Each structure stands twice: as C-alpha cells, then as structure tokens.
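Dear colleague,

Please find the structure below, with the sequence. My notes on what was found follow after it.

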Amino acid sequence: MRFSFQASFYLDRMRCFRKRSTIPFLVVLITFLLFINLYMEDGYVLEEDKRQLREASMHPLNSERYVHTFKDITNFSGAINVTYRYLAGTPLPRKKYLTIGLSSVKRKRGNYLLETIKSIFDQSSYEELKEIIVVVHLADFDLAWCESLVQEISRKFGHHIIAGRLLIIHAPEEYYPSLDGLKRNYNDPEDRVRFRSKQNVDYAFLLNFCANLSHFYVMLEDDVRCSRNFLTALKKVITSREGSYWVTLEFSKLGYIGKLYHSRDLSRLAHFLLMFYQEMPCDWLLIHFRGLLAQKDVIRFKPSLFQHMGYYSSYKGAENKLKDDDFEEDSLDIPDNPPATLYTNINVFESYDAAKAYSSVDEYFWGKAPSTGDFYVIVFNKATKISKIKIATGTDDRQNDILHHGALEVGEKLVGTKKGKQCSSYITLGEFKNGNIEVNHVDHKIAFDIECVRIVVTANQKEWLIIRSICLWTTQTPSQ
C-alpha cells in the first residue's frame, strides 16, 4: 500500500529536531500553552490523571517548530508516505464501524498477541464481528520472527483473515527516523529512550494505515483481555455522546489500552507522534494531543472494557503486573442515564456537585453530613420507563462516607417550586444497605412513566456523604 503524498522531507525534518537547540523562551511559552489547554476549565480530575497531567506539563514539547505545530496541527490530514508490507489479509472496500489497532514486537519473555486476538474475536457476537476490523502491526525489524508469527496467526485465525476482519502489516525499517543519538530528556537509559521512541513511530505508522478503514478506532496493547460484547458497549457510549465534543474516550485506565478516537483524527495523531517521537513516552504525547485539540478533561468510562493480562513488559522482559480494578468481564450492561437535571439540598463540598454522581465518567458527588429529610433528586427531561436502578455510595479510601440510612423513591406529576422542578408523588422502591441499593424490574413494579428518582436521607449522620455512582437502565434501546 503506497501513499501518494510527498513526505520524505518530513522524516528528514524529524531527524533534524534532535540537532536543534531549544530556545528558553519557547520552553516557557510551551509550558504556558499546555497549562492553559489542560487546566483552563474547572473540572474534577482523578488523582492518577492529575499525576499524568503534571508529568506531561512539566515536560513540554521542546521543538523549535512547536508553536507552528500548535497552530496548524488541525491541518495535518494527509497520509504519511509509507509502503506497507501486507503479511496477511487485505482491507475490504466498505468502511467498518470500528478498527482495533495492535502494535507488537518480539518480547524477551512471554508473548500474548495470539491470546489478545483470540479474546477480541471470542468476546464478539457474530453481528459485532461484521462491524470490526483488527489491524496488527508487527513492528519488529526481525523479519524471520514476523514471518514465523504470521504463519502461527494464519493457522489459528485464517477464517477471520479470509473474511477481511484481520489484517497483519509491517512498516519496513527504512521508513523509520533515526533511533540513535536520541534525546535523554528524563535521564532514561539510552536503550529505554530508543525503545519508547521507536514505539511512538510504531503507533504512528499503525494509525496512519488505519485512518480510512472505519468510523472509529480503538487503541489496544498486544497483551489485553476484552470484556464480552465490548463493541456493543462502545456503541452505546458513543451514541450517548452524540452532540458533544470529544477527542479521546477512555475505556481503561492503563497505558495505551482502550483509547477511542474518531478515525478522522488518526492522520493528525500519526503526524503528531512522528514529529515528537523522541520527546516523551506515547501515553504522555496522547495527553498533549487531546489538550491541543481542546478536550481539557479525561473522559473515562466504567466499568473498563479492557484488561492488561501480560506479566512481562515488551521492554527487556521486565515484570509488569498492572491490573485495571475497574474491569468487568461482562460489561455490556452500561447504564443509559437519560438526560436529566440534578438537585440536592445537601451542603456540597467544593466542586463535587450533584451532576458528578450521574455522569458516566469516573466522578462523584460529595456532600457534608446530611440530616433526616435531606434529598438528592434526578428530574428527567421527559418521562421514561426505567428497568433497573443501581446506586453506590462511599469510595475505597472513604468507606465511612456512605449513606448509612436512606431510601430510594421514584415519582411522577412534576410541579414547579422555588428551587426547581420536583415530583409531587413518590413511591418507595427500597432501603439502602451498607450504602448501596440495586432494584431490578422497576418497570414491572411501577405502572407510570417515571419523571423523578429521589434519594432520601432517613436518619441524621455525622459522616459526610459520597454518592459514587447512579446507574439507570431504560427499557428503550439507544436507537429508539
């Protein structure tokens, strides 16, 4: 596959980046611009996200061409001139819904690629398989290893290759920029700098190849286990975000796993990774890219749809036992949470406002010690049928900040009050136990279409209250 765009100068320009000194003024300017882009809007950010953002903003992209890039990155829409080798399969002419991209190199200890491919296909239904294409970039320069692995993959997944669901590609070594004499930005060993710099280029070439294969793209690593029917869960989330702006949606909190993009952004992201391939690790560059395209906050969904399963890193075979504790094997059941307005008379702590408990991202409501009769109410934009309600309070590090005594109610007959709309009639569905409640078959128990869901405090408590998540499922599908 050969792209017609003239970009040979591009890689030469990249090789020059490390030869040019950084102007101190630009370092200050870049840091300021990144700070503005990452922090100019208030919003809740998880501690892990704060750490990553601090690290990324402490290490600006110190290229003399950065300011030009900052202004013109949205124009980087042309493909990069690479002649890929097709090791197995060919792309079909029809665009799919989702491309799943994997980049893999030879490991010193363990190889999980086949297990990852198997998990992708095994956890997808026949209907879901029609909408996905898996692209594996074998990015090792050892061609004998590549050929051997292709033969093994072809034996196990030949029917998926024939059906156009699995492609295996290789970008030849001559298209890579120099991997010698790279910048030592963080005092990393030279071989570590080489590894992470090459990894950036590996991903850039993969993204470049996948730019026109589908409407959406999800980035995985080559040692990942998938949840059942993950595509249906992804589609449900994408549908729920229609009309809102996003660059990256995250379905795992680990590394490069489960990062979802619009395919229209892949060329720009590929150019971005190539331009700054030697500056910093890929996950930090992904944070910068999201910020440059004006998504200030992380948008992460729970439960996670992908889990890291490898025990040994592709870098020197070092142990890597990271696990995503938000992963669920059966995560098709992502809540609907129909559009609504949130009210509470509980004294809110700082910016942990009522809307955060109802959000599908990893946020929560935090209020000061509630009293008997205090409430938290959800008022739907339009009456709806609810099939299931699940509410959790408290967090792992604040296990006492639960709702010790409370009831869950649903209501109808909206009326206007000085503090906003409320329902005038409620029915109790159940009591909280150990800070949690789950009610199934609500639509079988309640005859009317629900207009309000209310949490009522039934006894004073001295502890503060965290409402970690409110999950509602409707009887309607997202397409209705």
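Subject: notes on the model

Most of the long-range picture comes from one figure: among contacts in the protein with a separation of 6 or more, 80% are between residues 24 or more positions apart. Please keep in mind that this is a predicted model.

The protein has 480 residues, and 58% of them count as buried. Its secondary structure consists of 13 helices and 18 strands. The accessible surface is about 21,500 Å², and carbon and sulfur atoms hold 50% of that.

Confidence

The average pLDDT is 80, and 76% of the residues reach at least 70. Two stretches should be read with care. Residues 1-50 have a pLDDT under 50 throughout, although the model gives them 100 contacts beyond four places in sequence. Residues 312-320 are also below 50, with 25 contacts in the model beyond near neighbours in sequence.

Aromatic pairs

There are 19 aromatic pairs in the structure. In one of them, the ring centres of tyrosine 84 and phenylalanine 209 are 5.1 Å apart and the planes stand at 70°; the angle is over 60°, so the pair is edge-to-face. Tyrosine 84 belongs to the loop between α4 (66-72) and β1 (85-88), while phenylalanine 209 is in helix α8 (residues 190-210), so the pair ties together parts 125 residues apart in sequence. Tyrosine 84 is buried, at 3% relative accessibility. Phenylalanine 209 is buried too, with a relative accessible area of 3%.

Another pair is formed by phenylalanine 272 and phenylalanine 289, with 5.6 Å from centre to centre and 55° between the planes, which makes it tilted. Phenylalanine 272 lies in helix α10 (residues 266-275) and phenylalanine 289 in helix α11, so this pair joins parts that are 17 residues apart in sequence. Relative accessibility is 1% for phenylalanine 272, which counts as buried. For phenylalanine 289 the relative accessible area is 0%, and this residue is buried as well.

Ring pairs also build a cluster, made up of Phe349, Tyr352, Tyr364, Trp366 and Trp464.

Helix α10

How many residues of α10 are buried? The count is 10 of 10, so the helix is mostly covered by the cut-off of under 20% relative accessible area. Among them are Arg268 and His271, next to residues such as Leu269, Ala270 and Phe272. The last of these, phenylalanine 272, is the partner of phenylalanine 289 in the tilted pair described above.

Charges over rings

Two side chains place a charge over an aromatic ring. The charged end of lysine 388 sits over the ring of tryptophan 473, at 4.4 Å from the ring centre. Arginine 454 lies over the face of tyrosine 426, and here the distance to the ring centre is 3.7 Å.

Lysine 296

Is lysine 296 buried or exposed? Lysine 296 has 10% relative accessibility and therefore counts as buried, since the limit is under 20%. Lysine 296 is located in the loop between α11 (282-292) and β9 (306-308). A polar atom of the lysine 296 side chain is 3.4 Å from the backbone oxygen of alanine 294. The helix that comes before this loop, α11, is also the one that holds phenylalanine 289.

Regards

Definitions and conventions. Residues numbered from 1 in each chain as written. Heavy atoms only, no water. Helix = DSSP H or I, 4+ residues; strand = E, 2+ residues; numbered from the N terminus. Buried < 20%, exposed > 50% of the residue type's maximum accessible area, 1.4 Å probe, protein only. Contact = heavy atoms within 4.5 Å. Areas by Shrake-Rupley, 256 points an atom, 1.4 Å probe, with all protein chains shown as cover. pLDDT = per-residue confidence, 0-100. Polar contact = N/O pair within 3.5 Å; in protein donor to acceptor, adjacent residues only side chain to side chain. Phe/Tyr/Trp six-rings, centres within 6.5 Å; stacked < 30°, edge-to-face > 60°. Lys NZ or Arg CZ within 6 Å of the ring centre and 35° of its normal.
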